[in-house]
Each structure stands twice: as C-alpha cells, then as structure tokens.
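Here is a walk through one protein chain, with charge pairs as the starting point. Keep the model open and follow the residues as they come up.

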Amino acid sequence: MCSYEEVEKKLRDLNINFEIVEHEPALTTEQADKFIEGIEGVRTKTMFLTNKKKKNFYLVIMDDTKRLDMDYFKNIVEEKQVKMASKDTLYEKMMLPPGVVSPFGLLNNSDKDIKVYFDIEIMSEKRMSFHPNTNEKTIFISKEDLIIFLNNIGYQVNIIQL
C-alpha cells in the first residue's frame with residue numbers, strides 16, 4: 001500500500017509543491033474542514049463508485065458541500081446503475097479504508113482501471129485539499145499539479161458538470 005510517505009516522495013520526485021496540515025484523525029468531511037479552517041483551497045470530497053456488476057470504477061471529486069446526483073452521473077458514464085463501492089472493493093482497488101479516499105489512492109491501483117472525474121465547479125479554484133492516504137493529514141495542492149500527478153501515474157482527468 002502506498003502510504004503518506006510514498007505520496008510525498010512521488011510529489012517531490014515530480015517537483016510538485018504542496019502544503020501538509022497534520023491533525024487528529026478526521027472521520028467526516030465536516031470534521032476535516034474544522035482542522036483546516038482559514039487555509040486557502042477548496043475542500044473536496046472524493047467518492048469511489050462502481051457499476052452494478054463491479055466491472056467499471058469511478059473516482060468522482062467535487063466540492064465537499066455539494067451532493068452527487070447519482071442518476072445524473074450514471075447517464076454521463078452510460079451506466080444503468082452506479083453506487084458507492086463497498087469497503088471491500090475500495091480496499092481491493094485502492095488499498096484504502098473508507099474516509100480516506102482521494103486521488104492519491106490511485107497510486108495503489110495497479111490495474112489502472114478507475115476513471116477520474118472532476119466537477120467543473122472546483123476547477124476554477126487554485127488549490128484543492130485531500131487526505132493523502134491517511135486521515136491524520138490534509139494536503140493542499142494546486143489543481144495544475146494534481147493533474148500533472150494524475151497524468152504521470154497513468155490517469156486521464158475528465159472534467160464534467162455535476
């Protein structure tokens with residue numbers, strides 16, 4: 001499993017700047033937001049979704065105050081049904097527990113079979129925040145650098161209206 005240290009190493013290898021805030025474990029986005037009050041950057045939530053047959057996988061990243069319309073998203077990805085992946089599927093694909101899902105978990109996806117979607121609304125922000133494979137830290141990274149990171153590890157970024 002790629003730990004925080006491996007995330008940090010990969011970012012440094014790519015010469016990507018980031019800011020880390022250490023805090024007690026955050027179990028919800030609301031709790032995480034309290035630990036990072038006053039720091040510039042959109043607060044995100046990252047959802048790991050799958051189709052009914054568990055053959056297609058999606059990472060959806062959006063503002064943490066927004067709700068995802070699953071029916072709308074399933075039409076975008078041309079699925080009959082999408083749902084939150086189980087904790088077992090999450091661990092199998094990204095080696096992460098619930099509550100720690102972020103784009104950095106893609107380092108653990110050796111199959112490279114997860115499609116990445118960002119809500120266009122957050123793409124106007126300069127920086128975004130995520131848990132870097134641990135809920136005891138929050139990382140702030142520019143959206144440009146995050147895209148560089150994702151492209152470097154083999155993922156295409158899809159920007160959609162949610």
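The salt bridges come to nine in this model, which is predicted. Take the one between lysine 137 and glutamate 22 to begin with. Their side chains meet at 3.5 Å, N to O. Lysine 137 sits in strand 7, residues 137-142, and glutamate 22 in strand 1, so the pair ties together parts that are 115 residues apart in sequence. Is each partner buried or exposed? Lysine 137 has a relative accessible area of 15%, under the 20% limit, so it is buried. Glutamate 22 reaches 61%, over the 50% limit, and therefore counts as exposed.

Next, look at lysine 93. Which acidic residue forms a salt bridge with lysine 93 at 3.0 Å? Aspartate 111 does, with that distance taken between the closest N and O atoms. The two residues are 18 apart and link distant parts of the chain. Aspartate 111 belongs to the loop between helix 4 (87-94) and strand 5 (114-119), while lysine 93 is in helix 4. Aspartate 111 is exposed, because its relative accessible area is 52%. Lysine 93 is at 7%, so it counts as buried.

Lysine 93 also meets the side chain of aspartate 113 in a salt bridge, at 2.5 Å, N to O. Here the separation in sequence is 20 residues, and the pair again links distant parts of the chain. Aspartate 113 lies in the loop between helix 4 and strand 5. With a relative accessible area of 25%, aspartate 113 is partly exposed. A further set of salt bridges shares partners: Lys66, Asp119 and Glu121 are joined into one network.

The members of that network turn up again around glutamine 161. This residue lies in the segment after strand 8 (157-160). What does glutamine 161 contact, leaving aside neighbours within four places in sequence? The list is Lys66, Tyr72, Ile76, Asp119, Ile120 and Glu121. Take isoleucine 76 from that list. It is 85 residues from glutamine 161 along the chain, yet their C-alpha atoms are separated by 9.4 Å. Glutamine 161 has 41% relative accessibility, between the 20% and 50% limits, so it counts as partly exposed.

Now turn to charge on the surface. Lys52, Lys53, Lys54, Lys55, Lys80 and Lys83 gather there in a patch of positive charge. Pick out lysine 54. It is found in the loop between strand 2 (42-51) and strand 3 (57-63). Its relative accessibility is 42%, so lysine 54 counts as partly exposed. Check its backbone too. Phi of lysine 54 is near 55°, a positive value in a residue other than glycine.

Glutamate 78 has a positive phi as well, near 55°, and is likewise a residue other than glycine. Where is glutamate 78 found? Its place is the loop between helix 3 (70-76) and strand 4 (82-84). Glutamate 78 is exposed, because its relative accessible area is 72%.

One last stop is leucine 27. This residue sits in the loop between strand 1 (18-22) and helix 2 (29-35). Is leucine 27 buried or exposed? The relative accessible area of leucine 27 is 65%, so the residue is exposed. Measure out the span to leucine 90 in your viewer: the two C-alpha atoms are separated by 16 Å, with their positions 63 residues apart along the chain.

Note on methods. Residues are numbered from 1 along each chain as its sequence is written. This is a predicted model: local features need pLDDT of at least 70, side-chain atom pairs count only at pLDDT 80 or more; totals for chains, interfaces and linings use all residues. Side-chain values use heavy atoms; hydrogens and water are left out. Helices (H or I, at least four residues) and strands (E, at least two) are DSSP runs, numbered from the N terminus. Buried means under 20% relative accessible area, exposed over 50%, partly exposed in between (1.4 Å probe, protein chains only). Contact means heavy atoms within 4.5 Å. Patches are made of residues with over 30% relative accessible area and no salt bridge: like charges are joined within 9 Å, nonpolar side chains (Val, Leu, Ile, Met, Phe, Trp, Tyr) within 5 Å. Accessible areas come from the Shrake-Rupley method with a 1.4 Å probe; for residues, only the protein chains shown count as cover. A salt bridge is a side-chain nitrogen of Lys or Arg within 4 Å of a carboxyl oxygen of Asp or Glu. Lys and Arg count as positive and Asp and Glu as negative; His and the chain ends are not counted. The place of a charge is taken as NZ of Lys, CZ of Arg, CG of Asp or CD of Glu.
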